[in-house]
Structure formats: C-alpha cells, structure tokens
Amino acid sequence: AGVKVLDLGEKAFALPAREQARHAVSQPWPAAEPWDFDHPRLYELRTEILEDGRVADVQRERFGVRTWGMQGRNFLLNGKPIHPYGDGYAMKGDYFWPVQSTYSRITRIGFGSRQEQWLPVADEAGHAATWEIAMSPFGGMGYRLAEDRIWQNLSTKWAHVIEEDRNHPSLFCYTLGNEPPSKDEGICRRMFEHEEAVGRLD
C-alpha cells in the first residue's frame, strides 16, 4: 500500500442530478520529489466523493512533478539542461524494455491506434515522449487544409487529448504537424494560429 504524503482536505458542494461542475482544492507541497529520467517518481491522486458520510465514488490518477522548458537551444528538465537522444519512429510493441540499456530518452508516441497505452509506460520508465494524434496536417494525409472544419476538428481533438493526458510527467511536447503538404500562406497562417491555440490549452 502507498503512503499518504499530502491531504488536500474536504470541500462541500451540492450538485443536481445530471449536471456537471468543477471544484478546486489546493495545498502547498514543498516536499514533493521531482520526476526525471533517472528517478521517475510517481504519485497517485485519490479523490473520493462522499454522500451521507459514505464513499459514493473514487477517482485515481497517477502523476509526476516536473517542469519542461527551454533555454536558448537547450531543453530543460526541472530547470536543468538535458541533451537526450530521441527516436523518430512511432512506438512499437516491445521497444521499451529494458529502456536503461539504450541511449534513447525521447520517443514518438501517438500516430496510430492504441498508442496512448505507452504514456504510462514512459512515466514508469523515466522516458520522455512526444505526443501526436492520428488526425494531423501531415504530408500525404490528403486533408483539405483550406477548409475551416478541419481546423475546428483539430482544435476539438487536441482539447480532449490535453485534458486527458497532460498530467503524464513523460509528456514532453505535442506534435501538431509534420511535413506539411502546402506552402500556401493562408494555410501556414492557420497552422501558426493552431499552434498558439493548443499552447493556451496547456
């Protein structure tokens, strides 16, 4: 069994049937240990819903505490420069284990069915991951990038993906496109606007 390291306390609220609401609680946590390549420390957030003094529902989510950033041409992990090797191919079946015997520390995840299964593995292994979705303005995909509905669908999809996955400590960056099939100024502008919109979501 795990050891409780922080108690966020309780918050009372009323929620009518079939309605949704967001509630936030917070506490300082100076003793949190950071996640990194060599020490991929993970925690579990356990949220309980009490009704009439009894537990009506429980939600568990694993996460790690870390910061990604950039300084000039260097990537930063928890404020320290890192220079990891990467892999440009989508994650395949038994690639990961044992990860410590390889130099690779960043892997391309996404771009295919059931790729989300690899994010928890990357969390455990201390492995950074780029995350992309199958619906993306890639060369050869044949999307009609001049149409508004493509960009609306992309924005909706990314909002869902980020909401679901941003607490994975291994998640290093989002890949929004690759080998774009057009040099059209209007499409390039839409891609830039898409990049800014996704940045605001996380």
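The legends below describe close-up views of a predicted model.

**Figure 1. Overview of the chain in the predicted model.** Three helices and nine strands make up the secondary structure. In sequence order, the elements run β-β-β-β-β-β-β-α-β-α-β-α. The chain has 202 residues, of which 27% count as buried. Among contacts with a separation of 6 or more, 50% join residues 24 or more positions apart. The exposed area of the chain is about 14200 Å², and carbon and sulfur atoms supply 50% of that area.

**Figure 2. The aromatic pair of W158 and Y174.** The whole structure holds nine aromatic pairs. In this one, the rings of W158 and Y174 are arranged edge-to-face, with 5.4 Å centre to centre and 65° between the planes. W158 belongs to helix α2 (residues 148-165) and Y174 to strand β9 (residues 171-174), so the pair links distant parts of the chain, 16 residues apart. W158 has a relative accessible area of 0% and is buried. Y174 is also counted as buried, because its value of 18% falls under the 20% limit.

**Figure 3. The aromatic cluster of W35, F37, W68, F75 and F172.** These five residues, W35, F37, W68, F75 and F172, form one cluster of aromatic side chains.

**Figure 4. Surroundings of H194 in helix α3.** Helix α3 covers residues 185-201 and contains H194. With a relative accessible area of 4%, H194 is buried. Leaving aside residues up to four places away in sequence, H194 touches W151, L154, S155, W158 and L176. One of these contacts, W158, is also a member of the edge-to-face pair with Y174.

**Figure 5. The salt bridge between E163 and R22.** The search of the whole structure gives 10 salt bridges. E163 and R22 meet through their side chains at 3.6 Å, N to O. Because E163 lies in helix α2 and R22 in the segment before β1, this pair ties together parts that are 141 residues apart in sequence. E163 is partly exposed, at 41% relative accessible area, whereas R22 is exposed, at 73%. A network of salt bridges links R22, E163 and R166.

**Figure 6. Two further salt bridges, E33 with R41 and E147 with R149.** The side chains of E33 and R41 meet at 2.6 Å, N to O. E33 is partly exposed at 38% relative accessibility, and R41 is partly exposed at 28%. For E147 and R149, the N to O distance is 2.8 Å. E147 counts as partly exposed, with a relative accessible area of 26%, while R149 is exposed, with 53%.

**Figure 7. The approach of A146 to I187.** A146 sits in the loop between β8 (128-132) and α2. A relative accessible area of 67% makes A146 exposed. A146 and I187 are 41 residues apart along the chain, and their C-alpha atoms are separated by 6.3 Å.

**Figure 8. The nonpolar surface patch of V3, V5 and L6.** V3, V5 and L6 together make a nonpolar patch of about 270 Å² on the surface. L6 is placed in the segment before β1 (43-51). The relative accessibility of L6 is 32%, so this residue counts as partly exposed.

**Figure 9. The cysteines C173 and C188.** C173 is partly exposed, at 28% relative accessibility. C188 is partly exposed as well, with a relative accessible area of 40%. The count of disulfides comes to zero.

Definitions and conventions. Residues numbered from 1 in each chain as written. Predicted model: local features only at pLDDT ≥ 70, side-chain atom pairs only at ≥ 80, totals over all residues. Heavy atoms only, no water. Phe/Tyr/Trp six-rings, centres within 6.5 Å; stacked < 30°, edge-to-face > 60°. Helix = DSSP H or I, 4+ residues; strand = E, 2+ residues; numbered from the N terminus. Buried < 20%, exposed > 50% of the residue type's maximum accessible area, 1.4 Å probe, protein only. Disulfide = S-S within 2.5 Å. Patch = residues over 30% accessible without salt bridge, like charges linked within 9 Å, V, L, I, M, F, W, Y side chains within 5 Å. Areas by Shrake-Rupley, 256 points an atom, 1.4 Å probe, with all protein chains shown as cover. Salt bridge = Lys/Arg side-chain N within 4 Å of Asp/Glu carboxyl O. Contact = heavy atoms within 4.5 Å.
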